[in-house]
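Colleague: Could you take a close look at the aromatic rings in this model for me? I would like to see how they are arranged with respect to one another.

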Amino acid sequence: RIHRNAFVIGEEHLSGISGKGGSFLEITALVENRASVRSGRLRTELGLAVHVGLPAGDLLFDAGASDAFVHNASRLGVDLSRVRAVVVSHGHYDHVGGLPVFFPLNASAPVYLHQRVASRCVLRILPFLSRDIGVAPSLLKASPDRFRFIDRTLEIADGVFVVAGLSRCHPLPPDSRYFFIEDQGVLVPDDFRHEILLVVQGPGGLAVLAGGCHRGVRNAVAT
């Protein structure tokens, strides 16, 4: 599971999936809200971007809130032009905001995201205190050929799956009550149908990456 405080920018995080030749999956946090003191000059933000190294090719999981992850990738020696695909975990701005900066650096990687991310998302702490936190419509309109909208599980590379339709067999986390989504012009509680997982099958088992994990880790695992 990936969530706030899970990773530290500039440090590599290796999954438990490994084979006889060593680690099968290598994960490096490109932006989060903490940076390694050993790395220096790395930017932090309320956002998430993770580089996933696989034998089949590099992936980008989420794209932060700004150009910070691009800045940090350069500092860390991560070549974003080699990314073969991008997976956006859900439709909140702090997971897609860096895409306009990424696109000029990588002209071909498709971006996989749930078709419902086009809906307006709102964070409402109090009835009089709310803000839009969804994907900017201008982003989707500016580069329509880059986006691949899904509503079901899809294998995007050998043993690499984008998983939609997350389970609801467990209650949503308590903070889900602050999130709303527009449905036919009316704001309703967000059930996070727009959340997807990145699942990698390796010789030692499955690695499951979840961005906001707004549906809860138990529902993610149950899926």
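Modeller: Happy to! Ring pairs join F102, F103, F147 and F149 into a cluster. Please keep in mind that the model is predicted. With ring centres required to lie within 6.5 Å, the count comes to four aromatic pairs. One of them is formed by F102 and F103, whose centres are 6.2 Å apart with 55 degrees between the planes, so the pair is tilted, as only angles over 60 degrees count as edge-to-face. Both F102 and F103 are buried. F103 also pairs with F147, and here the arrangement is edge-to-face: the centres are 6.0 Å apart and the planes make an angle of 75 degrees. This second pair ties together parts that are 44 residues apart in sequence, because F103 lies in the loop between α2 (99-102) and β8 (111-114), while F147 belongs to strand β11 (residues 147-150). F147 is buried, as is F103.

Another ring has a charged neighbour: R124 lies over the face of F180, at 5.0 Å from the ring centre.

Helix α2 also comes up in the packing of helix α1 (residues 68-76). The buried residues of α1 are A68, F69, V70, N72 and A73, and these pack against α2 as well as β4 (26-31), β5 (49-53) and β6 (58-61). After α1 comes G77, which has a positive phi near 75 degrees.

Note on methods. Residues numbered from 1 in each chain as written. Predicted model: local features only at pLDDT ≥ 70, side-chain atom pairs only at ≥ 80, totals over all residues. Heavy atoms only, no water. Phe/Tyr/Trp six-rings, centres within 6.5 Å; stacked < 30°, edge-to-face > 60°. Buried < 20%, exposed > 50% of the residue type's maximum accessible area, 1.4 Å probe, protein only. Helix = DSSP H or I, 4+ residues; strand = E, 2+ residues; numbered from the N terminus. Lys NZ or Arg CZ within 6 Å of the ring centre and 35° of its normal. Contact = heavy atoms within 4.5 Å.
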